[in-house]
Amino acid sequence: MLTLPPPCLLCEPWNAREGNQSNAMAGAGSAWCQGLNIPNNLFLTLGLVSLVEILLVVAAILKNRNLHSPTYYFICCLAVSDMLVSISNLVEMLFMLLMEHSVLVIHTSIVCHMDKIIDMLIFSSVVSSLSFLGVIAVDQYITIFYALFYHSIRRLQQAMVTMASIWLASMFSSTIFITYYHNITILLCLISFFLFMLVLILVLYIHMFTLAHHHLYSISSQQKQPSVYRSSSLKGAVTLTIFLGIFFICWGPFFFHLILIVTCPTNPFCTCFFSYFNLFLILIICNSVTDPLIYTFCSQELRWMLWEVVLCSW
């Protein structure tokens with residue numbers, strides 16, 4: 001059967017669920033090491049909700065020409081990254097339900113191949129989401145501090161090249177990751193990438209929020225238009241900071257899980273933590289549910305466009 005929670009790297013050999021849970025219970029002797037029993041219907045429901053939300057947001061951005069800017073294209077790509085999680089979750093849940101009710105009978109080797117494809121989608125979502133969060137942070141940084149050279153620094157063609165490069169890199173890295181998932185070096189690379197993007201984004205946002213007020217004050221005393229433009233850009237930076245916070249809240253336990261796999265795979269505390277992987281998956285799917293809500297809540301134009309798309313669909 002498809003392994004519900006994790007990608008294959010998390011099923012074996014470092015944290016084979018049966019062995020680790022029994023070791024955890026024996027080592028810690030506490031009930032919390034047994035993990036949580038989360039119903040499959042919850043995974044399926046959240047996956048469907050997030051998929052519908054993301055499709056509506058992407059349709060609204062593509063339909064409104066006023067939203068055809070590099071910033072919204074990057075947000076659209078971030079939404080597609082979230083959609084990869086939703087699609088992989090839905091596909092896995094559907095196959096599990098069909099196989100559990102003997103509606104679908106598939107050879108074990110085919111199931112393993114399908115499981116790897118689903119894992120590749122999840123890993124691609126991780127890499128692309130982190131990459132686009134970093135690109136959006138750089139984009140907002142340029143918008144705020146280099147507004148006068150905005151169009152020369154950030155052209156639409158350059159944005160397209162950036163988006164294509166990120167998607168190609170995420171697909172390539174996910175293939176390498178799934179192929180060599182038994183190698184600890186691969187996990188270390190993923191963890192290092194996560195920490196690097198975290199530091200990069202935090203440095204950019206700290207610099208933006210500490211210096212933006214000074215820039216706004218100095219520019220407003222000379223020119224009126226750039227002050228308004230930078231004020232809106234700073235508001236966009238605040239919005240994207242919310243994205244960043246939600247992302248690390250939802251994905252943080254997953255990466256902490258990976259760190260524990262590398263550092264203490266047999267420690268009783270770590271094995272107890274491994275037993276909660278289903279909860280970490282729910283948090284990841286919740287990230288896909290909350291991101292579209294943030295898009296629409298923070299952009300009035302996107303809200304109106306989304307309402308129009310919903311009305312037209314009916």
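Colleague: Just opened this one. How many of the residues of α4 are buried?
Modeller: For α4, 28 of the 38 residues are buried, so that helix is largely enclosed by the rest of the structure. Keep in mind that this is a predicted model.

Colleague: Okay, and where does α4 sit in the sequence, and what is its reach from first C-alpha to last?
Modeller: Helix α4 covers residues 108-145. From its first C-alpha to its last it reaches 56 Å, close to the 56 Å expected at 1.5 Å a residue.

Colleague: Let me zoom out. How many helices and strands are there in the protein?
Modeller: Eleven helices and zero strands. If you read along the sequence, the pattern is α-α-α-α-α-α-α-α-α-α-α.

Colleague: And what share of the whole protein counts as buried?
Modeller: The protein has 314 residues, and 50% of them count as buried.

Colleague: Back to the helices. At what angle do α3 and α4 cross?
Modeller: They cross at roughly 160°, and their axes come within 9 Å. That makes α3 roughly antiparallel to α4, because angles over 145 degrees fall in that class. The crossing of this pair is left-handed.

Colleague: What classes of residue make up that contact?
Modeller: The contact of α3 with α4 has 18 nonpolar residues, eight polar ones and four charged ones.

Colleague: Which charged residue could I click on in α3? Glu92, maybe?
Modeller: Glu92 works, as it is found in helix α3.

Colleague: Is Glu92 buried or exposed?
Modeller: Its relative accessibility is 6%, so Glu92 counts as buried, the cut-off being under 20%. Look at Asp115 as well: it comes 23 residues away from Glu92 along the chain, and the two C-alpha atoms are separated by 8.0 Å.

Colleague: What about α3 as a whole, mostly covered or mostly open?
Modeller: Mostly covered, with 23 of its 31 residues buried. Its length also works out: at 1.5 Å a residue those 31 residues should span 45 Å, and the end C-alpha atoms are 45 Å apart, which agrees.

Colleague: What follows α3?
Modeller: Ser102 follows α3, and the phi of Ser102 is positive, near 60°.

Colleague: Now the other neighbour. How do α2 and α3 pack?
Modeller: Helix α2, residues 40-63, packs against helix α3, residues 70-100, at an angle of about 150°, with the axes 8 Å apart. The two are therefore roughly antiparallel to each other. Their crossing is left-handed. As for the residues in that contact, 19 are nonpolar, five are polar and two are charged.

Colleague: Which residues touch the most other members in the largest nonpolar core?
Modeller: Trp251, Phe255, Leu258 and Tyr295, in a core of 80 residues. Helix α3 gives the most to this core, with 13 residues.

Colleague: Changing topic: which residue pairs far apart in sequence should I look at? Start with Ala60 and Met305.
Modeller: Ala60 and Met305 are 245 residues apart along the chain, yet their C-alpha atoms are separated by 5.5 Å. Ala60 lies in helix α2. With a relative accessible area of 0%, Ala60 is buried.

Colleague: And how far apart are Val310 and Leu56?
Modeller: In sequence they are 254 residues apart, and in space 7.6 Å, C-alpha to C-alpha. You'll find Val310 in helix α11, which is residues 300-313.

Colleague: How does Val310 count for exposure?
Modeller: Partly exposed, because its relative accessibility is 22% and the buried class needs under 20%.

Key:
Residues are numbered from 1 along each chain as its sequence is written. This is a predicted model: local features need pLDDT of at least 70, side-chain atom pairs count only at pLDDT 80 or more; totals for chains, interfaces and linings use all residues. Side-chain values use heavy atoms; hydrogens and water are left out. Axes are lines fitted to C-alpha atoms, for helices over the stretch in contact, and angles run from 0 to 180 degrees between N-to-C directions. Helices (H or I, at least four residues) and strands (E, at least two) are DSSP runs, numbered from the N terminus. Angles under 35 degrees count as roughly parallel, over 145 as roughly antiparallel, 65 to 115 as roughly perpendicular and the rest as oblique. A crossing is left-handed if the near helix is turned anticlockwise from the far one by less than a right angle, and right-handed if clockwise. Ala, Val, Leu, Ile, Met, Phe, Trp, Tyr, Cys and Pro count as nonpolar, Asp, Glu, Lys and Arg as charged, and the others, Gly among them, as polar. A nonpolar core is a set of buried Ala, Val, Leu, Ile, Met, Phe, Trp, Tyr and Cys residues joined through side-chain atoms within 4.5 Å. Buried means under 20% relative accessible area, exposed over 50%, partly exposed in between (1.4 Å probe, protein chains only). The expected span of a helix is 1.5 Å times one less than its number of residues.
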